[in-house]
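Q: Please take a close look at one enclosed space inside this model, and then at the surroundings of the elements that border it.
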Amino acid sequence: MKQIKQQEIAERLNLSRATVSRCFTNHKGINPETRARVFEEASQLGYHHLSSRVVKSDEKTTTLGVLICNDVDDSETTEYESPWRNLLKGISEYSQIKGIDLSIHFIDPTAKSIDSKSYRDLLNHHGKDWDGILLLYPFPKDVLDALSLKFPCVSLVEQRSKNHHNCVDVDHYQGIALLVNHLFELGHSRISFYSKKYKLSQSWSLKRAGAYFAKMTQLGLDFDQDQMINVHPDRMVQLEESFDLAAEQVKNGITAIVCAADHQAYDLINGLRERGIKVPEDVSVTGFDGIEAPDDTLKLCTVKIPNQQIGYFATERVFELLNKRYSPASHTLLGCTLLEGNSVRKL
């Protein structure tokens, strides 16, 4: 296997070799965004830094494992801004303040058990150096349970687990409520919910679907199961078929569609356009994330997630757990902000 050097990382990011080196040694002169970019590139290339700094006998270097349950190929897409990159900025910011070393790894999302080869190799080669773990993206339940027994863990998304686990996430209900309220104020009452089919069930998508259900009920608006695309596990469809279902909804009187994520909304807008349906003229579409819009695309009506703050507070929480691991688990949910955009219209 090719040995990755810091110079290669520097060249790929158009940075100096010295800047890359300082990112791995918590140099105060490096801003968190640059450090996050270096860590991202290093983890994608398979580079793992071995600290060479001298540690005093009474000083212990804190190392956190940052596990990203996502394919490297998926994370490298440049079509849409990836929210996890901003999470990493917040993680980098706090770890720099506290002098924490980070060990960042992409995890195969199809690995369902901690006994699988990918987890065994990871824990054997790197896990012995970890004091705690930050978890990005939903993990399989059995993996989450096993990791939480081995390490102090904080998840950056609410997840299902038989054990109580610490979490810092966005308030999904508040975000969906902002969107549905906004559409309702614009005169929309026939509102549907749309999500994409993923390899693994995405807890964040289900939480946003649940929030949609709750808000529609609270407002007294009529809706049925057919207005929720790719929510129930027995009713999942592939991308093109999901566009067909959404187009059929519009033909049957739906005037607005709430998407579980921004990248879903942008894909849906394109899919509807190919089927002769214009946004927002024929139907209003909203997202959820607040990512940067692709070129030549409508400015999406969405909610902005404070991803950098989530990353910061999650790292702060796992650092606290190192000294009081068995304290009661806490869930911290941060609020988001409505961005009105021009993908919706008043009826």
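Which element gives the largest share of the lining of the largest cavity, and how many residues make up that share?

A: The largest share comes from β4, which gives three residues to the lining of the largest cavity. This is a predicted model, in which local features need pLDDT of at least 70 and side-chain atom pairs count only at pLDDT 80 or more, while totals for chains, interfaces and linings use all residues. Residues are numbered from 1 along each chain as its sequence is written, and side-chain values use heavy atoms, with hydrogens and water left out.

A cavity here is a set of points, on a 1 Å grid over the protein atoms alone, where a 1.4 Å probe fits but cannot get out, and its lining residues have an atom within 4 Å of a point. Grid points are joined across faces, edges and corners, and the volume is the space filled by probe spheres set on the points. By this rule there is one cavity of 30 Å³ or more, and the largest cavity holds about 30 Å³ of space. Its lining is made up of Leu 135, Leu 144, Ser 148, Cys 153, Val 154, Ser 155, His 165 and Asn 166. The elements that give two or more residues to this lining are α7 (141-150) and β4 (153-155); helices (H or I, at least four residues) and strands (E, at least two) are DSSP runs, numbered from the N terminus. By character, the lining residues divide into four nonpolar, four polar and no charged, where Ala, Val, Leu, Ile, Met, Phe, Trp, Tyr, Cys and Pro count as nonpolar, Asp, Glu, Lys and Arg as charged, and the others, Gly among them, as polar.

Strand β4 also belongs to an open sheet of six strands, in the order β2-β1-β3-β4-β5-β11 with parallel pairing, two strands being paired if DSSP finds at least two bridges between them. The edge strands, each pairing on one side only, are β2 (101-107) and β11 (331-334). Within this sheet, β1 (residues 63-69) and β3 (residues 132-136) pair in the parallel sense over five bridges, and Gly 65 has Ile 133 of β3 as its bridge partner.

Between β3 and α7 runs a loop that contains Tyr 137. The phi of Tyr 137 is near 80 degrees, a positive value in a residue other than glycine, whereas most residues other than glycine have a negative phi.

Conventions:
1 Å grid on protein atoms, 1.4 Å probe; cavity = no way out; pocket = protein on both sides within 12 Å on 5 of 7 lines; lining within 4 Å.
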